[in-house]
Each structure stands twice: as structure tokens, then as C-alpha cells.
Amino acid sequence: MRRLFFLFYICSATVFGQKIHLPHEVEKAAEPAGGHTHIGQFIASNVQIPFLSSIKGINGRVYVKGVVEPDGSMSQLEVTRGLDSLINKEAIRILSLYKAWKPAELKGEKVRQSIVYPIAFKTPALANFDSARFALVNYFDSQYMPEKDPKRYEFRSIMPVNEQGYINQDVIYEQLKGSKWKEVGRVPFKKKEIWHHMDILESGIDSVKAYLVYARDDNEASHSSEAIFQMNGRLLSYTEYGPNNKASLIKKYDLNGMVRDLQVPADSADLHLSWFDNGQIRTVIETPVQKPNEYREKIFVNAWSKDGTQLVSEGDGYWKSLTRTYEGKLLLEEGPVTAGKKNGKWRGKWTDSTLHYEETYELGELIHGISYDGGEKRTYEQAVIQPQFKGGPNKFYRFLGENIQYPLEASRRGVTGRVYLSFVVCEDGSMCDYKVESGVGFGLDKEALRVVKKMSGMWEPGMLRGKVVRVKYNLPINFQMN
């Protein structure tokens, strides 16, 4: 045992005893793999500005000194000029996660080099923070639209938060009646222990014990940001919602607290970014918003290898990705892309190298496909077929028109809008897992959900590479008054 300890000590001393060079002493200085743009994007995606520091607004830089090691990590991190203790700690945390440095070189050898790196922290003051309640308070007009003019206030929401800025009590809705605010609604806060499924495919961990904090109403519409934490307090998932209750930002983290997947939903297409475990950006994808009865392929924008080498640039190159199928299996997919579209021969293999499919594309259009599943061979000309309402779109809209009843409260106030729902169409055409993705309120969400649930069993299931599968379906329902 003493001998093993002695050998470990000698090895460690060899590494950490190497000279730490200054930038002017090396032939090639240390730099982030992929350039400063990539590390800037990494920092912006990972920064968690301390809530207590952000209340009054922040606009400054923290300068962190450290040593870039030959393996691309940083050691001996310390703040040389900071802002406050909480922000300084966050700056150290971020740079300790980033291990995608290209180390300095001297005489052809990788060497240790000291650097000082600035991290900018900027956020406006929280105008909606009420220090007396320690809550975020938002005001609305009679149509429940965000309002800043006190003369037009009619409603307000009060969301109590903890010192990290996350919800910790019920969300209260109040209406101004005369000169006093009266409670008109309450959405319960919940802190729920769960087993969180890990989407980080190469982690080798399927799920971890965690807890979820959220506030949802009876329609499963969210009334606050939602966060999932490890039991040690590190974030695993974070979803932010806009004024119309539509998700506006989704982040997924690994067990070290690093963002590995970021999604920014938009009306036409969702922007999707992913990172390797060393902090090097991996892929940039645009996913067009799917329309009813239509499947649209992803747009492959950029891709890099773990060492920062770019494989796909502005939609041109050779794509490789590891994905999880609807059955939970890992699938390695690869093939050439041109102008962001699949072009040429694509293959999908399971992690044991067994071939799952071969497909031929011409600028995004599937020409021919063959899949292999359990000894069965299938040919197809459409890789994905969306679920369809039996009888087609006309019968579908007729069903909605005949069954939707405009809620009295929404009608009285003249409230209109679009409710976005999601549900899963199973292999037998039945439906489950209903959720209001983006709501309007005033009973419209509840009515949309009621009518959609009546459709169970009225759908033709979807297909993937010639096989009937479960499919998550997104459906917008418009409420307009004549």
C-alpha cells in the first residue's frame, strides 16, 4: 500500500511540478478549442446569475486566473478581480466545467500555461421583484395582457420564490376590485421527488433520484418556470415559459451541472444546440415546427468533433449523431448533408453495430429506405408518417366545430387566442399523456383539453420506417369569436 501511494505521489509530482509558463514564454498560446466564440457561447448557456445579486441589476466582469493543463482542463482557479462573493463563485464554477482548451505548446510539447480570463455578468434589475413578499409580481389588463401602467391594472400574479429565484409557494392570482386586491385563483406549488430520466446518452446512467419544483393548474398548464434538481441541489433540467405559457427556453444538464442540451422554441422552427462533456459545442440543429398531418425533417446547420474540428459547416459536411429511439434504444445515425438537408446514403446502426436502416436521400427527399427489425426487413418511401384523424382534415375540423363550446367567462370578456396541446397517439389509435403546452386562460385551455380527450380512438396511428409506433402529436386550437 505504501509503495502504491509512493508511485501515485511521484506521478502526481511529475505533472504538477511542471513549470507554469506565461503566455509570452510559449510558441503557441493556450486557446479555447473552436475559438473564443465557442467558449463565449458555453459561458452564456451555463451561467446561473445568483438571484440575490441580480435583484438590483448587474453589469460587470469577473477576472479568473488559472492554469491551462495539457489535457485541456483548468486548475488553480482564483478570482483576481470580482463583483461579489456569489458571482465570483459562479465564475469559478463555469470555468471549472470547461475542459476544451487547446493547451500551450513549446518545442512541440504540450505545456502548462497561466491565463486570466474575463467572464461578463449582465442582467437588468428585477422590476417585478417585491422584497416585502420576496416574490415576483406581474400585472395585467382586463384582457390578461402584461401591463405596466398602474391605471390599467386589473389582475396580478404573485409568485413567491426562494433565495435562488425558484418558486417555493403557491402562485396567487388577484383582481383589483375598487381599491383592494381580491384573490380569484391559486395554483398549488409542488415539490415532488422523482426518478429523472437522463437524456445525456453517453453518461451510461438511465435515471437518477431528483426532485421537481413547479406550479400547474388542473389543465397541466405551467404557471412558473419548472426545474428539476439532483438531491445535492444541482440542476438537471430547466424550462422557462413566456407570457402565453409557451415554453421559451429548455435546458438539460449532466450530473456535473453542465448544460449539454439547449432548445429555444420559436413559431417557425426550434433552435437546438448540444455540447460534449468537455464543454466543446457539438451540434446546431433547427427543427421546423410540425404542422398537422405533416412531417418536416431537421435542418443540420453545424457540427464539431470533441477536439473542436468542424465536421459540418453552414449545412455542408458529414453528420454523425447518437439518438435515443421511442423504444429507448441508442441509435448511431450518419450520412452526408448538403444545404442542411440529408443528401446521399444514410445509415443507422445500433450500439452493437447491427444495421437498423439504410436510406437514400436527394436534398432532403427520401428516395428509398430499408429497415431491419427483429429479423424482419421492411421497405418504405416515407421514413415518418404522422398520426391522422380518421376521415381526414375536413372531418377533424368538423368534429372540433361541433364539439367546442366557447367558455362563458372568455365570451363575456371577448377573449380569443390559440391553445397549444400535445398528446400521444398510441399504436391502436387511442390517446394519452395530454398536456397544455401553451394556454390562454379564461376556460379556453380546459375546453380545448375536454374536446381533444373525446377524440381518443379516432386516430390512425403513426409509422416510423414502416412500423406502427407511439407518436407525440402537437395540436393548436384557435378560439375566435364571430
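The exercises below, each followed by a worked solution, concern a predicted model.

**Exercise 1.** Determine which residues of helix H2 (residues 36-46) are buried and how they are arranged about the helix axis.

*Solution.* Begin with the accessibilities: His38, Ile39, Phe42, Ile43, Ser45 and Asn46 are the buried residues of helix H2. Next, look down the axis of H2, where these buried residues fall within an arc of 165°, so they line one face of the helix. Then turn to the other side of H2, where His36, Thr37 and Ala44 are exposed. A general point helps in reading such a pattern: an α-helix has 3.6 residues a turn, so residues three or four places apart point the same way.

**Exercise 2.** Find which residues have the most contacts inside the largest nonpolar core, and trace the surroundings of Tyr117.

*Solution.* The largest nonpolar core comprises 43 residues, and Phe42, Trp101 and Tyr117 are those with the most contacts inside it. Apart from this core lies another, of 25 residues, which includes Met431, Val436, Trp459 and Ile477. For Tyr117, set aside the neighbours within four places in sequence; the contacts that are left are with His36, Ile39, Ile43, Val62, Tyr63, Val64, Leu95 and Trp101. As background, nonpolar side chains in soluble globular proteins tend to be buried together.

**Exercise 3.** Decide whether helix H7 (residues 444-453) is largely enclosed, and identify what covers its buried residues.

*Solution.* First count: seven of the 10 residues of H7 are buried, so the helix is largely enclosed by the rest of the structure. The buried residues are Leu444, Asp445, Glu447, Ala448, Leu449, Val451 and Val452. The cover over them includes helix H5 (393-403) and helix H6 (408-413), together with strands S32 (417-425), S33 (431-438) and S37 (471-479). Finally, consider the charged pair within the helix: Glu447 forms a salt bridge with Arg450, with the closest N and O atoms 2.7 Å apart. Both residues lie in H7, three residues apart, which is about one turn of the helix. Their accessibilities fall in separate classes, since Glu447 is buried at 10%, whereas Arg450 is partly exposed at 33%.

**Exercise 4.** Work out which parts of the chain are tied together by the salt bridges Lys467 to Asp373 and Arg470 to Asp433.

*Solution.* In the pair of Lys467 and Asp373, the closest N and O atoms are 3.1 Å apart. Lys467 belongs to strand S36 (residues 467-469) and Asp373 to strand S28 (residues 365-373), so the bridge ties together parts that are 94 residues apart in sequence. Lys467 is partly exposed, at 24% relative accessibility, and Asp373 is likewise partly exposed, at 22%. In the pair of Arg470 and Asp433, the closest N and O atoms are 3.7 Å apart. Arg470 lies in the loop between S36 and S37 and Asp433 in strand S33, so this pair ties together parts that are 37 residues apart in sequence. Arg470 counts as partly exposed, with a value of 37%.

**Exercise 5.** Locate Phe134 and Glu314, which have a positive phi although neither is a glycine, and classify their exposure.

*Solution.* The general expectation is that most residues other than glycine have a negative phi. Phe134, however, has a phi of about 50°, and this residue lies in the loop between strand S8 (129-130) and strand S9 (135-140). Its relative accessible area of 27% makes Phe134 partly exposed. Glu314 also has a positive phi of about 50°, and its place is the loop between strand S22 (310-313) and strand S23 (316-324). At 63% relative accessibility, Glu314 is exposed.

Definitions and conventions:
Residues numbered from 1 in each chain as written. Predicted model: local features only at pLDDT ≥ 70, side-chain atom pairs only at ≥ 80, totals over all residues. Heavy atoms only, no water. Buried < 20%, exposed > 50% of the residue type's maximum accessible area, 1.4 Å probe, protein only. Helix = DSSP H or I, 4+ residues; strand = E, 2+ residues; numbered from the N terminus. Contact = heavy atoms within 4.5 Å. Arc of directions from axis to C-beta. Core = buried A, V, L, I, M, F, W, Y, C linked by side-chain atoms within 4.5 Å. Salt bridge = Lys/Arg side-chain N within 4 Å of Asp/Glu carboxyl O.
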